[in-house]
Amino acid sequence: MSAIETSAAPRRIPDRLDTPLKGAVLSWEALLVAVAVAIFVINSLASPYFLNAWSLSDLTFNFTEKGLIALAMALLIISGEIDLSVAAIIALASTLMGMALQADAGTPMLVAIGIGTGLLCGAFNGLLVTGLGLPSIVVTIGTMSLFRGVAFIILGDQAFKGYPASFAFFGQGYVWWVVSFELTLFLAAALVYWFLLHRTSFGRRIFAIGNNSVAAQFSGVRVARVKFILFCLTGLMAGVASVLITSRLGSTRPSIAQGYELEVITMVVLGGVSILGGAGSIVGVVLAALIMGMVTFGFGLLNVPGIVMSIFIGLLLILVIALPIIWRRLFGRRPA
Amino acid sequence: MHTAALKAERPASAADAPMLSLSGVSKSFPGVRALHNVSLSLYPGQVTALIGENGAGKSTLVKILTGIYQPDEGEIRIGDDAVKLPTADAAFRHGITAIHQETVLFDDLSVAENIFLGHAPRNRFGLIDWRTMRANAREVLETMGAGHIDADARLRDLGIANKHLVAVARAMSIDARIVIMDEPTAALSAKEIEELFELIEFLKSDGKAILFISHKFDEIYRIADRYTVFRDGEMIGEGLLADKPQNEIVKMMVGRAVDHIFPEREPKIGATILSVSGLSHPTEFDGIGFELRQGEILGFYGLVGAGRSEVMQAIAGMTRTSAGSITLDGTPIAPKSAAEAIEAGIVYVPEERGRQGVVIGLPIFQNVSLPSLDRTSKSGLLRLAEEFSLARTYTERLDLRASSLSQDVGTLSGGNQQKVVIAKWLATEPKVIILDEPTKGIDIGSKAAVHGFMAELVAQRLSVIMVSSELPEILGMSDRVIVMREGRIAAVFENKDLDAETLVRAAAGIAA
């Protein structure tokens, strides 16, 4: 188009100012790498059993299942919503898989039921939030009780056991040497979610919604649709995690995955995702998953009791919510 | 008690001496001079109407009187004493109280609690004496003829008119002497307005000095004794209203020096591109019909609350309508979301830049590309080079001042943010662009850039609807002007020999 020029020629605005080094050094991810290295060194010094290929492989089971959910949860929290029902979805999905098992369902059917249940539960959350305009924190506290309640009604204090041998592969199998199926799946999913969040227009819209959903709506972003998809994805990942856990444990109890939602959210927030929405990265979430896995595994090696572990998770959650604020005051910017 | 002390200070013959007077008051904000050397006097037992266009400085003045803003210069006297009003509480204790459209009351407290908040009667243990408080509340309400309000009712359950009454009761309970009413009738029905006027008469007879702010001339002439006209932050005139015909006041309001040169252009107006007919909404507007022609700037003028933004948001898919049709370029459309409107070729640049316009937290280039993501990306994959080039094209045309396109849009000035907002919607290459108050609250340089750009747009055959409450902008930019009043189209003018007074009359519903 031929612009009518005003007296002065328009000044050229550069795409970006080049200060990549400063950005990389001061980023939240850099801090997480430093923390991860420190914990690795501490663990190696504290326990003679830590530095061993099979120990390190076992370690990954401490974060892969929660980490898979954290990937989707990160997107949901960036968009300004949250899902507290993920652990209850695992319980319900596992219970329904157990029921299918009683009806002699084969492994493919079990997997489909696990993942399908997760997807449906996520869609239910999404409908309540986007269709009725209810706050997600309230909706998912409700569905948290609902989903696990249904699992309890079906199971009582019973347990489903006797999953087929072929089903055991998902939670117990190895793809190559010490590399488990769970770890492989987590890394592949991390790549997919990284791509989705940072390289697609869908991901860009998530950031826009999280920063200003009204302006995003005015700009033609279908806010409700995006949020609904994110709830579905989170439910789906909880379904996947349910397949993995059920396979790894070889049984279903209604108390399965109790308290996982807090660990997942801690992972996401530790990964630098703003709890207020609008900022975060998948690289940070993956690093946070690794850190939490190493810490809990280290505690296990040192025979720290489970209750101390949950105190630690609680403190960590508070700390990581406070840290970005302290970080911002020190460096005048929020973690990228 | 301080109220008793203040009472004693009240001069014996107060009738002709002002109860409150301001002189030489100035107030500036970064880049804007809101008030310059203004004066104002309020007299006991009289209603003074404060009249002026949007942006004349009325609300700044109210905020100074209620202790929210501090004047840069000038003096405030109550009776014979110079006073300072450093806080809202200080203003309250000096007997100044304000009743706004959104009165500062507490929805979840009872009527009695609202009336006595901060000065509740206490019993001998220092606890609130609920029985006395309720009784006093009832008494205050009775005195002002509002005995129908239950002192125990929760404020949330009251209508807006009754909330106003509670606000007045609160003022009475501290023996307020100066009552500011900032557009108190805006949300009231005709009957409620009558009741409010009765109350104002009661306050007058009680010797209160009242400042009454309204855009509606019939109300002003009905209730006010005196007038004070503000224009562009300056006091233009004051006096007794009885001596002053309406048209002279309108002249004082609008007769300004031209402070801004609008771009010269030769309109090349083509065929109708957008036609709207019978567009209605259950509460906001009714029977809106107009046509927009290619290459035209169509101005929409009206008072705040006339329904202009609501009509535009309906056309742009943000609000549902109850009836009516929209035809764009010969094709009937019924956009149900902004996304659909953008696809069809209509974009709406909203009035509330911070809330609806920019996404603070995202860099400039991502703000610009947001509505065009489907075009800059390829099968859902972002292409940053495309985004940067799109952002550069439009921001440079608008002469954006920024250090880089990756800068957070929140770090820009208001004027530059507005350029980003306009750039973002233009980048969708629309057929019709609706600009809602495009230069509200931005500096004069950015205003000129926006106006220049609008001229350029229509020269390129784009069609523009401009909603504006600024008369010079409406007169300087529009080819035609539609005036809206109370949700309906009140008048349509060709912008030839059109003057500001005609527009103001049409907007306020005054017969010529």
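Two strands pair if DSSP finds at least two bridges between them, where strands (E, at least two residues) and helices (H or I, at least four) are DSSP runs numbered from the N terminus. The model is predicted, so to speak with care: local features need pLDDT of at least 70, side-chain atom pairs count only at pLDDT 80 or more, and totals for chains, interfaces and linings use all residues. Residues are numbered from 1 along each chain as its sequence is written, while chains are lettered from A and ligands numbered from 1 in the order in which they are written.

**Exercise 1.** Find the partner strand of β11(B), and the residue opposite Leu274(B).

*Solution.* Start with β11 of chain B, residues 272–280. Its partner here is β14 of chain B, residues 323–328; the two run antiparallel and are joined by 5 bridges. Now look across from Leu274(B): Leu328(B) in β14(B) stands opposite.

**Exercise 2.** Place these strands in their sheet and name its edges.

*Solution.* The open sheet has 4 strands of chain B in the order β12-β11-β14-β15, with antiparallel pairing. At the edges are β12 (288–293) and β15 (331–333) of chain B, each pairing on one side only. From one strand to the next, the twist averages 20 degrees (axes are lines fitted to C-alpha atoms, for helices over the stretch in contact; angles run from 0 to 180 degrees between N-to-C directions).

**Exercise 3.** Describe the hairpin of β9(B) and β10(B), including its turn.

*Solution.* First the pairing: β9 (residues 226–231) and β10 (residues 234–240) of chain B are antiparallel over 6 bridges. Within the pair, Val229(B) stands opposite Gly237(B). Next the turn: 2 residues lie between the strands, and Asp232(B) there has a positive phi of about 50 degrees.

**Exercise 4.** Is Ile223(B) buried or exposed, and which residues does Ile223(B) touch?

*Solution.* Locate Ile223(B) in helix α8 (residues 217–223) of chain B. Count next: Ile223(B) is buried because 21 other C-beta atoms lie within 10 Å (buried takes 20 or more, exposed 12 or fewer, partly exposed in between, with C-beta atoms placed from the backbone). Leaving out residues up to four places away in sequence, Ile223(B) touches Val47(B), Phe197(B), Ile200(B) and Phe212(B); contact puts the C-beta atoms, placed from the backbone, within 7 Å.

**Exercise 5.** How many residues of chain B contact chain A, and which element gives the most?

*Solution.* Counting both sides, 40 residues of chain B are in contact with 30 residues of chain A. On the chain B side, α15(B) gives the most, with 5 residues.

Methods
Two residues are in contact if their C-beta atoms, placed from the backbone, lie within 7 Å.
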